[in-house]
2 protein chains.
Amino acid sequence: MKSDLEISETALTERQKDVLDAALALLVEAGDKLTMTSVARRASCSKESLYKWFGDRDGLLTATVQWQASKVRGVPVSRDAFDRDALIIGLERFAADWLRVLSGKISVALNRVAVTHAGTDKHELDRDLGGIVLENGPFAMARRLEPVLLLGREAGLLKFEHADEAFRTFFGLVVRDVQIRLLLGDRYELSETAIERDAKRATEQFLILYKP
Amino acid sequence: MKSDLEISETALTERQKDVLDAALALLVEAGDKLTMTSVARRASCSKESLYKWFGDRDGLLTATVQWQASKVRGVPVSRDAFDRDALIIGLERFAADWLRVLSGKISVALNRVAVTHAGTDKHELDRDLGGIVLENGPFAMARRLEPVLLLGREAGLLKFEHADEAFRTFFGLVVRDVQIRLLLGDRYELSETAIERDAKRATEQFLILYKP
DNA sequence: ACCGTACCGTACCGTACGTTACGGTTGGTT
DNA sequence: AACCAACCGTAACGTACGGTACGGTACGGT
């Protein structure tokens, strides 16, 4: 191993990453009917290795979700030159990024399996798919957006009491019924132009609601 | 049979309704790990009857979802004396009703199983759980809200181009991240006062965005 | 009294899949 | 060369569960 300094970290070998990518692809194609055998076959590895590396089926699913989550890290926002245009650009980019992720096949598949799992007890085990998705989805978005909102307020461009409330309203304006419709299997293509249009609209509406 | 005139209709006997209520309760408790045997035991009926009445497991699930859907019919809005207050009352009541339903255990359980099902191919079979939930959830809400919005515009209280777009914004302002968080298993209690507060807030925000 | 219908309870079957076990191959170390 | 660890492929095991079959009971009609 190269750097084993982290405390209790992933430390995935390349081989294991390949396996997780295979599992991810399978999850997108086949949903939760993904089977250990199918993953082994797809990744050209033995089931024994799967069990050695990931413990059991849940461990594999968890590792897969975390692996995908580790791939989508957001980009921060620079603090200097923060004026109204910068705020608008920032919000629009957030909204568009979010819609793009949300409507992607991978996100839909992952959210589906996490929702499915959230129904079957055995929560609290910190290996909790729903928690992981929540943590890397809405919550991560909130954390990333919060500094932007605070900067906006600091600069006198926004007015709100709690950043959390403001974020959740922005979330609603951006996502609307898109996610639930996709999760429920509604055919719903979101073109790039539609995404950008929606991002602009949500941002405009947000600015109206939270203008000083 | 009493009246076999309908083409392909529900025509549930009382006994069958009892069974579906049992299935519903089980679905709330156990999620999708509901098994034919458990339903039979809970409802004190034989598996043979389950298969005779509902065909197979999917048929039972579909019937259960439809049965629940048939129970929550909305109340219409009267057309006369439609002023600004009536509009506000109407919107707030819609929002509060919706939040109440949405955050209920039954709704969460049903949406979970529908999302799970939406991942497993065999769509398009018109016996489509996702479609049913969508139809009786967001789409039904849209149909119920549309006349209110149109009345509001007619009365010069609202300004919008497409009622659908306006509805979806209202949806976003009301639901925000509540539903996805609940579906993903986030502990999130929504008290009655919180519901009413949120309904008011969403309505206010909506009126600001769509004022003439 | 006899029969048909509808139903309950339960035993049973087939299969899919999670999990384990094992024999064989490869590649690096001594 | 000998050895060992890691891994592949596959066969096998156990079980949960969807689906079916069948015997037994209650009841209304004739």
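A salt bridge is a side-chain nitrogen of Lys or Arg within 4 Å of a carboxyl oxygen of Asp or Glu. Keep that cut-off handy for the exercises below, and remember that this is a predicted model.

**Exercise 1. Test a salt bridge**

Take Asp177(B) and Arg168(A), and work out what joins them and where each one sits.

*Solution.*

Step 1. Start with the idea: side chains of opposite charge can pair when their charged atoms come close.

Step 2. Check the distance. The closest N and O atoms of Asp177(B) and Arg168(A) are 2.9 Å apart. The cut-off is 4 Å, so a pair at that distance counts as a salt bridge.

Step 3. Place the two partners. Asp177(B) is in the loop between H8 and H9 of chain B, while Arg168(A) belongs to a helix of chain A that covers residues 163-175. The pair therefore crosses between chains.

Step 4. Put the pair in context. Chain B and chain A share four salt bridges, and a search over all chains finds 30 in the whole structure.

**Exercise 2. Describe the contact between the two protein chains**

How many residues does each chain bring to the contact, and what area is buried there?

*Solution.*

Step 1. Count residues. Chain A gives 41 residues and chain B gives 41 residues.

Step 2. Go from counting to area. The size of an interface is often given as the accessible area lost when the parts come together.

Step 3. Read off the area. About 3,600 Å² is buried between chain B and chain A, and carbon and sulfur atoms give 60% of it. On the chain B side, Arg168(B), Arg176(B) and Leu184(B) supply 21% of what that chain buries against chain A, more than any other three residues.

Step 4. Look for polar links. Nine residue pairs are in polar contact between chain B and chain A, counting pairs with both residues at pLDDT 80 or more. The helices of chain B that give two or more residues to this side are H6 (105-118), H7 (129-154), H8 (163-175), H9 (178-183) and H10 (192-209).

Step 5. Sort by class. The chain B side that touches chain A has 17 nonpolar, twelve polar and twelve charged residues.

**Exercise 3. Find the symmetry**

What turn and what shift lay chain B on chain A?

*Solution.*

Step 1. Recall the general picture: two copies of a chain are related by a rotation about an axis and a shift along it.

Step 2. Fill in the values. A turn of 180° with a shift of 0.0 Å along the axis lays chain B on chain A, with an RMSD of 0.0 Å. That is the relation of a two-fold axis.

Step 3. Find the axis in the model. Gly172(B) comes closest to it among the residues of chain B, with its C-alpha at 2.0 Å.

Step 4. Compare the two sides. Of the interface residues of chain B, 100% are also interface residues in chain A, so the copies meet through the same surface.

**Exercise 4. Explore DNA strand D**

Which residues come nearest to DNA strand D, and which atoms of the strand lie within 4 Å of the protein?

*Solution.*

Step 1. List the neighbors. There are 16 residues around DNA strand D, and Arg15(A), Ser49(A), Thr35(B), Lys47(B) and Glu48(B) come nearest.

Step 2. Look at the DNA side. Sugar or phosphate accounts for 57% of the strand D atoms within 4 Å of the protein, and bases for the rest.

Step 3. Zoom in on single contacts. The side chain of Lys47(B) has an N or O atom 2.5 Å from a base oxygen of DNA strand D. The side chain of Arg57(B) has one 2.9 Å from a phosphate oxygen of that strand.

Step 4. Name the elements. Helix H3 (47-54) of chain A and helix H3 (47-54) of chain B are the elements that give two or more residues to this surface. H3(A) has the largest share, four residues.

**Exercise 5. Repeat for DNA strand C**

Which residues are closest to DNA strand C, and what classes make up the surface near the strand?

*Solution.*

Step 1. Of the 15 residues surrounding DNA strand C, the closest are Lys47(A), Glu48(A), Arg57(A), Arg15(B) and Ser49(B).

Step 2. Pick out base contacts. A base oxygen of DNA strand C is 2.3 Å from an N or O atom in the side chain of Lys47(A). For the side chain of Glu48(B), an N or O atom is 3.0 Å from a base nitrogen of DNA strand C.

Step 3. Sort by class: the surface near DNA strand C has five nonpolar, four polar and six charged residues.

Notes
Residues are numbered from 1 along each chain as its sequence is written. Chains are lettered from A and ligands numbered from 1 in the order in which they are written. This is a predicted model: local features need pLDDT of at least 70, side-chain atom pairs count only at pLDDT 80 or more; totals for chains, interfaces and linings use all residues. Side-chain values use heavy atoms; hydrogens and water are left out. Contact means heavy atoms within 4.5 Å. Buried area is the accessible area (1.4 Å probe) that two parts lose on being put together, summed over both. A polar contact is a pair of N or O atoms within 3.5 Å; within protein, one must be able to donate a hydrogen and the other to accept it, and residues adjacent in sequence count only if both atoms are side-chain atoms. Ala, Val, Leu, Ile, Met, Phe, Trp, Tyr, Cys and Pro count as nonpolar, Asp, Glu, Lys and Arg as charged, and the others, Gly among them, as polar. A residue is near a molecule or strand if one of its heavy atoms lies within 4 Å of it. Copies are superposed by least squares on the C-alpha atoms of residues with pLDDT of at least 70 in both.
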